[in-house]
Amino acid sequence: MPGPRIALLGCGRWGSLILRDLLALGAEVAVVEPDDRRRAEVSGRAASSSSRLDEVDDADAVIVATPATSHEADVAAALELGVPIFCEKPFTTSSAAARRLAEAGGDRIHLMHVWRYHPGVELLGELARSGAIGRPLGVRSTRTNWTSPRTDTDPIWTLVPHDLTLAIEILGDLPTPRAAVAEIHGGRPVSLWAHGHDEDGPFLVIEASTRFVDKRREVRVHGEEGVAVLPGLGADAVELATGAAADPVVERRPFTGAEPLRRELAAFLDHVAGGPAPKSDCAEGVAVVEAVERLRHLAGVDDG
């Protein structure tokens, strides 16, 4: 039985990885990419390639992997097809735009919040809920590298949604943004240090920057009785430290599972075939955009 026919809008750096995994999962992919060179690169892999969405026939679903500043227009066009939509983060770069899309067809829009599908992040959530580190006190996320290949917007929009959504996966909710400081370089923000919390609730601390030579992806969950750490992208275990002595009790909690991108795409294809919706709905996408806007405001980098 043939797999679902997916219209993939955008086949750049990330879109090409989405294409790879969709094909591995058995989907038929119609690539929509205005760039002639990129269309030529996928012509032998995709079922079809075109420059416009209205040239695609009989799509069962649409995946939006275009630049973030194009998401509003691309999701609006996809809504015309009346099929499920999976949109890359951030949903939009404006909360007003996100709310407009949610009102127009939010029940069909789902967000590709890939870190919610990372098996290490899922394990951190399980440890936080199980009491293994006592009552959860908060999450600290570090996300750094040097420069960014995305030029249509700045790193606050491209990096910070990851940190917000992994907090949702671990804590079950998004702490209210309270404070933020930005580093400005060349007239645009390149780093953000941020803090969020609610009364009597866990905190969220974020360090996101494109001004670090070393690429770091660390997630720490602090509890009253210990700390659980996902030390990096290549890790295959969460490190759990407990105890009140000078030398903590340290253990490794291994995890296994497919790459997060493939896992979230598999969840979406299952939904297209009649299964449950992916983890991140349109309301979550709107909430994340609103949180990013609030952090930008607190850091003094409001958008135009």
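In the predicted model, the N-terminal end of helix α6 is capped by aspartate 154, a side-chain oxygen of which lies 3.0 Å from the backbone nitrogen of isoleucine 156. The helix itself comprises 17 residues, 155-171, and its length can be checked against ideal geometry: at 1.5 Å a residue a span of 24 Å is expected, and because the end C-alpha atoms are 24 Å apart, the model agrees with that expectation. Helix α6 is also mostly covered, with 16 of its 17 residues buried, where buried denotes a relative accessible area under 20%. Beyond the helix comes glycine 172, whose phi is positive, near 85°.

The surroundings of α6 are provided in part by a sheet, since the helix lies across strands β7, β9 (188-196), β10 and β11 (211-223) and runs at about 150° to β10. A further helix, α8 (residues 282-298), packs on the sheet as well, where it touches β8 and β9, and its direction makes about 65° with that of β8.

The sheet in question is open and consists of eight strands in the order β8-β9-β10-β7-β11-β12-β13-β14, with mixed pairing. Strands β8 (177-185) and β14 (249-254) stand at its edges, and because each has a single partner strand, one side of each is left without a neighbour in the sheet. From one strand to the next, the twist of this sheet averages 20°. Within the sheet, strand β7 (residues 136-146) and strand β10 (residues 203-209) run parallel and are joined by seven bridges; in this pairing, threonine 142 has glutamate 207 of β10 as its bridge partner.

Another open sheet contains six strands, arranged in the order β3-β2-β1-β4-β5-β6, and its pairing is parallel. The edge positions are taken by β3 (48-50) and β6 (109-112), each of which has a single partner strand, so that one side of each is left without a neighbour in the sheet. The twist in this six-stranded sheet averages 20° from one strand to the next. At the β3 edge, the partner strand is β2 (residues 28-32), which pairs with β3 in the parallel sense over three bridges, and valine 32 stands opposite serine 50 in β3.

In general, the strands of a sheet pair through backbone hydrogen bonds, in either the parallel or the antiparallel sense. Of the two sheets described here, the six-stranded one shows parallel pairing, whereas the eight-stranded one, on which α8 packs, shows mixed pairing.

Key
Residues numbered from 1 in each chain as written. Predicted model: local features only at pLDDT ≥ 70, side-chain atom pairs only at ≥ 80, totals over all residues. Heavy atoms only, no water. Helix = DSSP H or I, 4+ residues; strand = E, 2+ residues; numbered from the N terminus. Expected span 1.5 Å × (residues − 1). Buried < 20%, exposed > 50% of the residue type's maximum accessible area, 1.4 Å probe, protein only. Polar contact = N/O pair within 3.5 Å; in protein donor to acceptor, adjacent residues only side chain to side chain. Pairing = 2+ DSSP bridges. Axes fitted to C-alpha atoms, helices over the stretch in contact; angles between N-to-C directions. Contact = heavy atoms within 4.5 Å.
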